[in-house]
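This briefing is meant for a reader who is meeting the structure for the first time. It takes up the ligand and its surroundings, and then turns to the strands.

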Amino acid sequence: MENGGFVPFQFEEKTEDQMLASSKAFYEEMNRRRSVREFSDKPVSIEVIKNIIRSAGTAPSGAHKQPWSFCVVQDASIKSKIRAAAEQEEYENYHGRMSEEWLKDLEKFDTNHIKPFLEIAPYLIVVFKQAYNEDGSTRGRNYYVNESVGIAVGMLLAAIQNAGLVALTHTPSPMNFLAEILERPKNERAYLLIPVGYPVDECMVPDIERKKIEEICKVY
Ligand code: IYR
C-alpha cells in the first residue's frame, strides 16, 4: 500500500480546569464577532492577512486535497471593478431576483445593492473552491469541496476575529464575475467574498440575538 508515512502527533493535554477556561475564553471571543458592513480604510499589514489565511489553510479537507484558493485584493482599481460588478448583480437581486419573503427577512439588516465597503476595506479576500485539481495536464478529483471550503472559511473568520479585525461574509450572486476579474483557472468557482479590516468609529450593527445553547444543542 502506498502512503506518505506517519509521524508522531504533537499533542499537549490540558487539565480539566485549563480546558474549561480556554473553551470559555474562546467562546467569549467568538461571541464578540459580528458581521460588519461599515469599514474604515485604516491599513492592515499584509503579514497579518497572510497569517489569517495560513490559519484557514490548516482546515481539514476531503482526502487532504485542500481545494481552496484565497485571493487577496488590495489594488484599488481591481476593488472598483469588483464593486461595480457586484452592485450590478445585487441591483438585479434586490429588484426582482429575491422573493418577497427573502426581502422581508433582510429588512432588519437594512441592506441594499450599494456596497461601498468593497472599495473602502483595505482587503477583499475572495475565496475560491476548486471543483477539481489540475496538475499540469492531469485532472484529479476533489472530495467534499463545499464542506472543506466552508470549514476553511469558518477558520478564516475565527482567525480574523482573533487578530482583532472584522469581516463580512458577502455573496453577490451570481459570483462568476470574480473568477473573470481575477483571471482564475477554470477549475475554480467563487465561494465567498470577504472584506477585511477595521470597523468605522462608532460602527453600528443590527440588534440580533443568538440561539441559546438549549436551542442548538441536544445531548443524547
Ligand atoms: N447578497 C445580498 C443580499 C443578502 C442576502 C443574505 I441571505 C444576507 O444575509 C444579507 C444580504 C447583499 O449582500 O446585500
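**The ligand and the strands**

The space taken by the ligand is the largest pocket, and this is read from a predicted model rather than from an experiment. Among the elements, α3 (76–97) and α4 (100–106) are those that give two or more residues to the shell around the ligand. Apart from this site, the points below describe an open sheet of 4 strands and a hairpin formed by β3 and β4.

**Residues around the ligand**

- The shell around the ligand is made up of Arg-37, Glu-90, Tyr-94, Trp-102, Leu-106, Asn-112, Lys-115, His-170 and Thr-171.
- Sorted by character, the residues of this shell comprise 3 nonpolar, 3 polar and 3 charged ones.

**Polar contacts and cover**

- On the side of the ligand's nitrogen, one such atom lies 2.8 Å from a polar side-chain atom of Glu-90.
- Lys-115 has an N or O atom in its side chain that is 2.4 Å from an oxygen atom of the ligand, and for His-170 the distance between a side-chain N or O atom and an oxygen atom of the ligand is 3.2 Å.
- Taken on its own, the ligand has 370 Å² of accessible area, and the protein covers 71% of this.

**The open sheet**

- The 4 strands of the open sheet follow the order β1-β2-β6-β5, and their pairing is antiparallel.
- Because β1 (68–73) and β5 (166–167) stand at the edges and each has a single partner strand, one side of each is left without a neighbour in the sheet.
- The partner of β5 in this order is β6, a strand of residues 188–197, and the two pair in the antiparallel sense over 2 bridges.
- Within the pairing of these strands, Val-166 stands opposite Gly-197 in β6.
- As a general point, strands of a sheet pair through backbone hydrogen bonds, in either a parallel or an antiparallel way.

**The hairpin**

- Strand β3 (residues 132–135) pairs with strand β4 (residues 138–141) in the antiparallel sense, and this pairing runs over 4 bridges.
- Between β3 and β4 there are 2 residues, and the two strands form a hairpin in whose turn Gly-136 has a positive phi of about 65 degrees.
- Along the hairpin, Asn-133 stands opposite Gly-140 in β4, while Glu-134 stands opposite Arg-139 in β4.

Methods. Residues are numbered from 1 along each chain as its sequence is written. This is a predicted model: local features need pLDDT of at least 70, side-chain atom pairs count only at pLDDT 80 or more; totals for chains, interfaces and linings use all residues. Side-chain values use heavy atoms; hydrogens and water are left out. A residue is near a molecule or strand if one of its heavy atoms lies within 4 Å of it. A polar contact is a pair of N or O atoms within 3.5 Å; within protein, one must be able to donate a hydrogen and the other to accept it, and residues adjacent in sequence count only if both atoms are side-chain atoms. Accessible areas come from the Shrake-Rupley method with a 1.4 Å probe; for residues, only the protein chains shown count as cover. On a 1 Å grid over the protein atoms alone, a cavity is a set of points where a 1.4 Å probe fits but cannot get out, and a pocket is an open set with protein on both sides within 12 Å along at least five of seven lines; lining residues have an atom within 4 Å of a point. A molecule sits in a cavity or pocket if more than half of its atoms lie within 2 Å of its grid points. Ala, Val, Leu, Ile, Met, Phe, Trp, Tyr, Cys and Pro count as nonpolar, Asp, Glu, Lys and Arg as charged, and the others, Gly among them, as polar. Two strands pair if DSSP finds at least two bridges between them.
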